[in-house]
Amino acid sequence: KLFNRIHLEAPVGTEERQLQDLGVRDSAKAALRARTSRGSRGVCRPAMDFFKSDITILSAFSAIFACVVPHPYVGHLSSLVKRPSVELIVQDTGLSARVHWNLPKDLKGVLAHEISYCTAHPRSEDTEYGDEALLEWKSLPCGLLSPNADDAFEWTVPGLEFGRQCVFCVRVRNSYAKSEWSDPSDVVSTQVGMPLPSIDSHITLAPLSESSVSLRWPAFESGHINLTAIEYRVTAHATRGCHPDVDDPNAEDGLTDKAHVVALLESHGPDDLCVDLHNLQTNISYVFQVDARYSHIGPRDFHPGLQSQEFCFPTVDITLPAPQPMLAGDAPYLVGRTGMGELWTDAAVPVYW
């Protein structure tokens, strides 16, 4: 207050008169003179040095400020941040969660937001959620966020694992303190159904040549409307008993365990799939199977899909007429030349059997 009421740019002697008008003590006058210096034009300017007493006072006020100021901004209530809501985002490239939360209206100041989440295996009869099924909690700093039109905050958590159950918590913090974690959100499952064929789907086989065949089947139905990238694997199984080399007494459903992958392809829509297979053996019957999986998410094992009927290349029966005896009148004649160049003929003798 003293320095606010004294013009430091006043001429020399003016501050003494103002101090007399204020009626301050001699110690305050001495402190003012010690903290000012005369300029080139005889003007009083404040000194830039701090006394030891000044440092002590500043340290005391800094400690008091750290204890008092954070309270109205952060507080210490466990329910400071309300329970967040979570929306699962399913895409061909991966799974993510969009977390929404609100803050009390009386919470002011510059606040940094933070999200913590954990994943668990699906609940079973022997394991309850919240026990050993939980994995390690992961923290995700969000930084300084601005509220949306609904006065709510949101953040997207990427890279969620397939086939898990997740819960999310939120808290805020500033330079001095942090709030407690909010109550966990509702459990969000990242389990998505595997691609499966429709009930009336089947594989259509069309021979192309004596060793090639064309397979056609409708696209499988995905477990989510946003999942369109599906990989297909076509395998060929030789049926049991059609050839000595592939006879397997342990085979089931007439198939051997000697399956060969003959095609791999990917689709991004509802169109039918078609693949041509070449260099097949003509003396073996085949059963073709089409399996599927998602291109980027989910387990890497192919899920069973369609199976064709037993296929073998068509054969043609050729019937030859039986040999007939030759009659004497139809016997051929031998024609040749003699040593003198003359032609001669001789009737051949018919032979019967």
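**Close-up 1. Contacts of P195 in the predicted model.** Leaving aside its neighbours within four places in sequence, P195 is in contact with F220, E221, S222, I230, A292, R293, Y294 and H303, as seen in this structure, which is a predicted model. One of these contacts, I230, stands 35 residues from P195 in sequence, while the C-alpha atoms of P195 and I230 are 7.6 Å apart in space. P195 itself is placed in the loop between β9 (188-189) and β10 (204-207). Because its relative accessibility is 0%, and buried means under 20%, P195 counts as buried.

**Close-up 2. The backbone at D151, in the loop between β6 and β7.** D151 is a residue other than glycine, and its phi nevertheless takes a positive value, near 60 degrees. Most residues other than glycine have a negative phi. The loop that holds D151 runs between β6 (138-144) and β7 (153-160). D151 has a relative accessibility of 45% and therefore counts as partly exposed, since that class lies between the limits of 20% for buried and 50% for exposed.

**Close-up 3. The backbone at N279, in the loop between β14 and β15.** Although N279 is not a glycine, its phi is positive, at about 60 degrees. The strands on either side of the loop that contains N279 are β14 (273-277) and β15 (286-294). With a relative accessible area of 71%, N279 is exposed, because exposed means over 50%.

Terms used. Residues are numbered from 1 along each chain as its sequence is written. This is a predicted model: local features need pLDDT of at least 70, side-chain atom pairs count only at pLDDT 80 or more; totals for chains, interfaces and linings use all residues. Side-chain values use heavy atoms; hydrogens and water are left out. Helices (H or I, at least four residues) and strands (E, at least two) are DSSP runs, numbered from the N terminus. Buried means under 20% relative accessible area, exposed over 50%, partly exposed in between (1.4 Å probe, protein chains only). Contact means heavy atoms within 4.5 Å.
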